[in-house]
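Student: I am new to this structure and would like a close look at a single part of it, explained slowly. Could you take chain B as that part, and then follow its links outward?

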Amino acid sequence: MNSLRKKIDKIKPNFQEGGKFEKLRSVFEGLESFLFVSDRVTFKGSHVRDSIDLKRTMTVVIVALLPALLFGAYNVGLQHFRSIGADAGIFHMFWFGFLKILPLIIVSYSVGLGIEFIAAQIRGHEINEGFLVTGLLIPLIMPVEIPLWMLALATAFAVIIGKEVFGGTGMNVFNPALVARAFLFFSYPAWMTGDKVWIEGLAKGQHVVDGFSGATPLALCAAGETTKIPSFMDMFIGTIPGSIGETSTLAILIGAAILIITGIGSWKIIVSVFAGGLGMGLLFNAFSVNTYMELPAYYHFVMGGFAFGAVFMATDPVSGSQTEKGKWIYGFMIGVMSILIRVINPAYPEGVMLAILLMNVFAPLIDYFIIQSSIKKRLKRAKIATNINS
Amino acid sequence: MSLSVKLSKGLDIKIIGKAERLLAGEVDSALYGVRPVDFPGLIPKLNVKPGDRVSAGSPIFHDKIRPEIIFASPVSGTVVSVIRGDRRKLMEIVIEKNGNDYIDFGIADPSVLSREKIRESLLVSGLWPVVRQRPYHIVANPQDVPKAIFISGFDTSPLAPDYNFIMDNSSESLFRRGITALKKLTDGKINLVLNGKGDSSAVLKNASDVEISQFSGPHPAGNVGIQIHHLDPLNKGEIVWFVNLQDVLAIGRLFEEGRYNHERIVALTGSEIMHPQYYRIKSGVSVSSMTNGNVKPGNLRYISGNVLTGTSVGQEGHVGFYDSQVTVIPEGDYFEFFGWMKPGLDKFSFSRTFASKLIPSKGFRLDTNLHGGERAFVMTGQYEKVVPMDIYPMQLLKAILSEDIEMMENLGIYEIAEEDFALCEYICPSKIEIQSIVRKGLEMMIKEMN
């Protein structure tokens with residue numbers, strides 16, 4: 001490592017102020033700090049600092065996403081071979097799916113990081129690590145058939161309009177990955193909904209076995225065909241059509257365990273989203289005026305993006321509620337709204353994305369009321385004190 | 001009946017180098033330094049110039065706004081230099097010690113003195129600055145009468161000195177005398193807060209004229225700000241004074257000996273000290289008087305105070321006015337290949353993202369590396385875990401950054417000081433300079449109120 005370090009030290013002056021490649025300073029710093037933790041020492045304030053930084057934090061989230069990603073790759077292959085009625089080994093299926101997903105990840109990262117590098121250079125900041133997670137989340141919430149140019153466009157929209165115009169990482173109101181999905185959802189609905197987009201090759205209609213439908217469980221339910229949905233176990237394991245990373249509740253729960261054990265993801269939000277979803281589902285069960293409402297409440301957890309949204313999207317600390325009490329309300333409302341939109345609104349088979357974006361808007365308001373109650377308490381204490389003194 | 005408060009929020013940083021309960025004796029040095037920067041919120045004006053002869057107790061500078069607040073020379077000798085920083089900011093006054101002459105302020109019994117007389121004695125002798133106030137954590141205004149006076153009987157900061165050991169080696173009568181003098185300065189109570197964990201020194205347990213309560217929990221349970229918050233919270237317009245435990249002895253000494261003698265016991269700590277132990281010193285003594293021949297080789301940082309709130313003074317620096325501890329740790333000026341990706345068996349963290357959480361460890365050799373770059377606020381719910389107060393730290397910090405005075409007031413700026421938020425700065429994954437932000441907020445409030 002010493003020789004690498006020496007090489008970096010040798011070329012470093014070129015990238016500093018006044019150097020030949022001054023314009024690439026942010027890029028250089030970003031890459032350098034990726035390879036080596038900086039030698040910078042504390043200058044004021046606390047002399048020692050915790051070993052954790054945002055890179056570590058984001059790495060934990062990426063590790064937590066890996067089970068969903070790996071299963072997603074396998075499932076892309078599985079669904080493809082099912083659709084053409086062919087048989088293949090597990091590794092073959094995984095490899096097939098992996099090769100389908102890899103371009104999506106590369107496009108998402110290169111477009112997003114490219115914009116981040118430019119923004120950091122303009123602002124004179126260091127590169128923020130936030131996109132490391134966003135860049136992986138975006139492909140995972142897309143249908144596998146999404147054209148690469150659309151993905152690139154959506155990623156650019158998410159980073160520029162969803163984040164940078166608000167002031168960059170830490171300032172955004174909406175979850176950037178969901179902004180990317182919402183952008184495509186409303187701009188190119190044909191590519192984001194329906195029965196064809198979830199399975200590789202289905203849109204082209206090649207060699208499809210007779211009677212095979214690529215409909216997601218949510219689409220079936222929305223059509224009132226609740227009897228046709230796969231078994232609970234299949235949906236829990238995730239061998240069903242859907243966005244790349246969202247199908248396996250099992251893989252997502254492994255990720256949730258990683259987030260909760262490390263303390264990086266708020267368990268309060270995760271738990272309360274599920275609680276809200278369960279509550280709303282049970283309420284529908286109680287009325288059950290149609291077949292969708294009769295669907296057992298816990299089925300909602302394993303269908304569509306509910307679990308993925310609860311674990312990886314709602315827990316975004318920047319766009320979510322920032323007070324601990326607020327997190328309970330925020331998560332609960334996401335759960336409630338998700339199921340409400342799913343069951344009641346026929347135009348949107350999936351409600352999680354809209355529910356989270358909606359609650360992103362309300363998160364500051366929730367925090368406002370929580371903070372106000374603390375302020376009132378303090379003022380009340382002050383009043384009592386003056387009464388005693390006077 | 002004493003009140004017992006148990007706190008669960010906070011963090012004891014696992015760092016090695018605690019001082020052994022061993023008093024190595026008294027140390028002296030050729031040079032002594034007094035740092036006006038130890039006293040935030042004041043505008044120091046010099047009374048002396050290089051070459052001037054001073055006695056112990058001679059005024060060397062005073063506050064421009066309240067000129068009655070003077071700061072005294074700890075020893076007799078000659079002023080050798082006045083060190084200034086950016087924009088001619090007064091950084092340090094260095095005195096070369098010779099002789100043992102002192103100014104005689106006269107012996108007195110504080111129990112028969114009036115409030116005015118005691119205030120007067122403390123002011124003219126230069127001992128007044130040991131009395132500080134909340135809000136703002138600055139030297140107290142002599143014109144005020146505080147609603148209470150707080151004395152924390154223990155320190156929970158990293159490698160903190162054991163005050164029980166210090167008190168066992170101090171005079172009980174001086175302590176009693178100091179309390180008697182302080183009692184005259186308030187109409188309210190004197191709160192002495194003891195460590196709820198373990199037994200306290202007899203000097204503290206048997207103290208009279210004080211309201212004893214017990215606090216237990218991780219750092220910052222020993223911080224006076226936390227104790228005030230739980231026992232007698234500060235509202236807008238209220239004032240509480242506080243005094244360091246060993247400064248109570250100094251007050252007692254002023255009346256018993258009739259001279260300015262800011263003597264105390266300090267703990268020499270840190271992983272780079274070969275024999276971490278206790279020393280008897282006078283404030284302003286050279287750090288090197290204790291560390292010479294007692295440190296391990298390497299690039300080291302010499303801190304007057306603890307690793308969270310202390311001041312980096314360098315090898316030739318001096319012990320600060322309020323510090324009962326000197327810490328020496330290694331500098332962290334090295335690059336680490338993929339340091340953020342390693343499992344981290346040897347890395348201490350408040351978070352649970354490093355493998356070191358899995359194995360019990362006595363302590364870590366922590367250095368001054370920042371472990372990352374400065375970023376925007378991203379994570380939430382972290383600061384709350386290390387601030388055992390009914391306060392929203394992040395919202396308060398954001399109010400300070402946006403200079404929203406009313407919001408700062410509403411969110412409890414009067415109840416905090418840098419030291420109470422130091423752990424937030426330690427655990428912050430975005431490496432934000434939180435203590436500087438807090439001081440900026442306090443200075444804004446001082447300006448607003450005057």
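Tutor: Let us begin at one lysine and widen the view from there, keeping in mind throughout that this is a predicted model. With a relative accessible area of 34%, B:Lys14 counts as partly exposed, because that value falls between the 20% under which a residue is called buried and the 50% over which a residue is called exposed. In chain B, B:Lys14 sits in the loop that runs between β1 (3–6) and β2 (23–26). Together with B:Arg352, B:Lys357 and B:Lys385, B:Lys14 forms a positive surface patch.

From that patch we can step back to the chain as a whole. Chain B is built with 11 helices and 21 strands, and along the principal axes its C-alpha atoms fill a box of roughly 65 × 50 × 50 Å. A compact globule of 450 residues would have a radius of gyration near 22 Å, and the 21 Å found for chain B agrees with this. Of the 450 residues in chain B, 62% are buried.

Within this chain, some places in the backbone deserve a careful look, and two of them are prolines. The peptide bond that leads from B:Arg134 to B:Pro135 is cis, with omega near 0°, and B:Pro135 belongs to the loop between β10 (131–134) and β11 (138–139) of chain B. The peptide bond from B:His219 to B:Pro220 is also cis, here with omega near 10°, and B:Pro220 is placed in the loop between β14 (211–216) and α5 (224–231) of chain B.

B:Arg134, which we have just met on one side of a cis bond, also takes part in a salt bridge, since its side chain meets that of B:Asp420 at 3.0 Å, N to O. This pair links distant parts of the chain, with B:Asp420 in helix α10 and B:Arg134 in strand β10 of chain B, 286 residues apart. B:Asp420 counts as buried, at 1% relative accessibility, and B:Arg134 is buried too, with a relative accessible area of 1%.

Two other residues of chain B stand out by their backbone angles. B:Glu403 has a positive phi of about 55° although it is not a glycine, and its place is in the loop between α8 (393–401) and α9 (405–410) of chain B. B:Lys431 likewise has a positive phi of about 55° without being a glycine, and B:Lys431 lies in the loop between α10 (418–427) and α11 (434–449) of chain B. Their surroundings can be set side by side: B:Glu403 is partly exposed, with a relative accessible area of 48%, whereas B:Lys431 counts as buried at 1% relative accessibility.

The loop that holds B:Lys431 also brings us to the other chain. The side chains of B:Glu433 and A:Arg49 meet in a salt bridge of 3.1 Å, N to O. This pair crosses between chains, from A:Arg49 in the loop between β1 (36–37) and α3 (54–83) of chain A to B:Glu433 in the loop between α10 and α11 of chain B. Both A:Arg49 and B:Glu433 are buried.

Having crossed into chain A, we can look at another charged pair there. The side chains of A:Glu32 and A:Lys12 meet in a salt bridge of 3.2 Å, N to O. A:Glu32 lies in helix α2 (residues 25–35) and A:Lys12 in helix α1 (residues 2–15) of chain A, so the pair ties together parts that are 20 residues apart in sequence. A:Glu32 is buried, with a relative accessible area of 10%, and a network of salt bridges links A:Glu32 and A:Lys12 with A:Arg5 and A:Asp9. Over all chains, the count comes to 41 salt bridges.

Finally, the positive patch on chain B, with B:Lys14 as one of its members, can be set beside a nonpolar one on chain A. A:Ile160, A:Ile161, A:Val165, A:Phe166, A:Met171 and A:Val173 make a nonpolar surface patch of about 490 Å². Among them, A:Met171 is placed in the loop between α6 (148–160) and α7 (176–187) of chain A, and at 45% relative accessibility A:Met171 counts as partly exposed, as B:Lys14 does at 34%.

Notes:
Residues numbered from 1 in each chain as written. Chains lettered and ligands numbered in written order. Predicted model: local features only at pLDDT ≥ 70, side-chain atom pairs only at ≥ 80, totals over all residues. Heavy atoms only, no water. Patch = residues over 30% accessible without salt bridge, like charges linked within 9 Å, V, L, I, M, F, W, Y side chains within 5 Å. Areas by Shrake-Rupley, 256 points an atom, 1.4 Å probe, with all protein chains shown as cover. Salt bridge = Lys/Arg side-chain N within 4 Å of Asp/Glu carboxyl O. Helix = DSSP H or I, 4+ residues; strand = E, 2+ residues; numbered from the N terminus. Buried < 20%, exposed > 50% of the residue type's maximum accessible area, 1.4 Å probe, protein only. Lys, Arg positive; Asp, Glu negative; His and termini not counted. Charge placed at Lys NZ, Arg CZ, Asp CG, Glu CD. Rg over C-alpha atoms; globule rule 2.2 N^0.38 Å.
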